[in-house]
Amino acid sequence: MNRDAASDAGFTLLEMVCVIAIVAMLAAVLMPNLSRGTSRPRLEGYAIETAALLKSDRTTAMARQATVTTRVDAPARLLRAGGSDRTLQVPDDVDIAAMLPARCNERPAGGTITFFATGMSCGGTIILSRLGAGYEVRVNWLTGGIEVAPRGKQ
């Protein structure tokens with residue numbers, strides 16, 4: 001075999017190092033942009049955290065034998081527990097909508113879900129969504145029970 005033909009058959013070490021360096025630089029620039037945003041499992045986690053905050057307020061209302069109100073500020077993406085100092089801030093890339101009663105116990109509700117000493121509630125639904133997928137956190141007005149249900153494409 002000819003020595004010149006053998007040397008032209010492959011890549012040199014320098015060429016390989018240059019290609020690896022270019023790929024590494026591209027990865028360093030592009031990778032941070034790929035992981036931005038709330039993933040579907042994390043979105044589900046926010047829905048479960050919302051349900052847990054509401055369940056905590058319901059339990060507090062029954063334990064204290066008093067009315068407890070959870071404040072829902074959809075434009076600010078913030079939920080504030082009435083029975084504790086607990087708050088839940090939803091990230092900016094998650095859309096939040098609240099379907100709440102206008103009146104509760106013959107008073108204006110004003111962006112709240114109220115739980116009574118009996119465990120009952122005026123009800124409401126909080127919707128968390130991102131890119132067509134989402135979850136509804138539903139509060140039953142009669143029983144005060146709370147459930148998380150998928151919404152849209154999953």
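**Salt bridges, a disulfide and a nonpolar patch**

Arg-138 and Glu-147 are linked through their side chains by a salt bridge, with an N to O distance of 3.4 Å. This contact belongs to a predicted model, and the distances and areas reported below were computed from that model. Glu-147 is partly exposed, because its relative accessibility is 43%. Arg-138 is likewise classed as partly exposed, at 31% relative accessibility. Through shared partners, salt bridges connect Glu-136, Arg-138, Glu-147 and Arg-151 into one network.

Within this network, Arg-138 also pairs with Glu-136, and here the N to O distance is 2.8 Å. Glu-136 has a relative accessibility of 13% and therefore counts as buried, since the limit for that class is under 20%. The salt bridge between Glu-136 and Arg-138 thus brings together a buried residue and a partly exposed one.

A further salt bridge is formed by Glu-49 and Arg-42, whose closest N and O atoms lie 3.0 Å apart. Glu-49 is partly exposed, at 28% relative accessibility. Arg-42, at 37% relative accessibility, is partly exposed as well. In total, the structure contains 6 salt bridges. Such pairs can arise because side chains of opposite charge can pair when their charged atoms come close.

The model also contains 1 disulfide. The bond is made between Cys-104 and Cys-122, with an S to S distance of 1.7 Å. The torsion about this S-S bond is about 80 degrees, so the disulfide is right-handed. Cys-104 is located in strand 5 (residues 103–104), whereas Cys-122 sits in the loop between strand 7 (112–115) and strand 8 (124–130). The disulfide therefore ties together parts that are 18 residues apart in sequence. Cys-104 is buried, with a relative accessible area of 8%. Cys-122 is also buried, at 18%, because burial is assigned under 20% relative accessible area. Another cysteine, Cys-18, has a relative accessible area of 40% and is partly exposed.

A nonpolar patch is found on the surface, with an area of about 510 Å². The residues that make this patch are Ile-22, Met-25, Leu-26, Val-29 and Leu-30. One of them, Leu-26, is placed in helix 2, which covers residues 13–34.

Conventions:
Residues are numbered from 1 along each chain as its sequence is written. This is a predicted model: local features need pLDDT of at least 70, side-chain atom pairs count only at pLDDT 80 or more; totals for chains, interfaces and linings use all residues. Side-chain values use heavy atoms; hydrogens and water are left out. A salt bridge is a side-chain nitrogen of Lys or Arg within 4 Å of a carboxyl oxygen of Asp or Glu. Buried means under 20% relative accessible area, exposed over 50%, partly exposed in between (1.4 Å probe, protein chains only). Patches are made of residues with over 30% relative accessible area and no salt bridge: like charges are joined within 9 Å, nonpolar side chains (Val, Leu, Ile, Met, Phe, Trp, Tyr) within 5 Å. Accessible areas come from the Shrake-Rupley method with a 1.4 Å probe; for residues, only the protein chains shown count as cover. Helices (H or I, at least four residues) and strands (E, at least two) are DSSP runs, numbered from the N terminus. A disulfide is a pair of cysteine sulfur atoms within 2.5 Å.
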